[in-house]
Amino acid sequence: TVLAAKFSGRWDQTFPRDREGNFFVDQDPDAFCELLSILRDYSNVPSMEQSIKSFHPEEPTDARHRPSRSLLRMLEYYGLLFMVYP
């Protein structure tokens, strides 16, 4: 995925950083935190194939729990949309 490539170490010299030298990710902070939570859930599944088959959020019925537009755009940009919403 694009996200994996960005953090592979190969592009560290060109990745934008803040004043303290931390990587700067120009994304909606709330959506990025949600993405990190999703990725943590995936990390508890032994294989990618199993994760795609067994983990995906159910279609939310309550508007308050639907994924934000920012999250969906970010998932699409990073090539993760198919994993989260197959």
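Me: Which residues of helix 4 are buried?
Reply: In this predicted model, the buried residues of helix 4 are Leu 71, Met 74 and Leu 75. Each is called buried because its relative accessible area is under 20%.

Me: What puts these residues on the same side of helix 4?
Reply: Leu 71, Met 74 and Leu 75 cover an arc of only 100 degrees around the axis, so they lie on the same side of helix 4. An α-helix has 3.6 residues a turn, so residues three or four places apart point the same way.

Me: What is found on the other side of helix 4?
Reply: Arg 69, Arg 73 and Glu 76 are exposed there. The word applies because the relative accessible area of each is over 50%.

Me: Why is the set of 13 residues called a nonpolar core?
Reply: The 13 residues qualify because they are buried, belong to the nonpolar types that count, and are joined through side-chain atoms within 4.5 Å. Those with the most contacts inside this core are Leu 35, Leu 71, Met 74, Leu 75, Tyr 78 and Leu 80. Helix 2 (29-43), helix 4 (69-77) and helix 5 (81-84) each supply at least two residues of the core, and the largest share, five residues, comes from helix 2.

Me: Which residues does Leu 75 touch, leaving out those up to four places away in sequence?
Reply: Leu 75 touches Leu 35, Leu 80, Leu 81, Val 84 and Tyr 85. These count as contacts because heavy atoms lie within 4.5 Å.

Me: How many helices and strands does the protein chain have?
Reply: The chain has five helices and zero strands, and its elements run α-α-α-α-α from the N terminus on.

Key:
Residues numbered from 1 in each chain as written. Predicted model: local features only at pLDDT ≥ 70, side-chain atom pairs only at ≥ 80, totals over all residues. Heavy atoms only, no water. Buried < 20%, exposed > 50% of the residue type's maximum accessible area, 1.4 Å probe, protein only. Helix = DSSP H or I, 4+ residues; strand = E, 2+ residues; numbered from the N terminus. Arc of directions from axis to C-beta.
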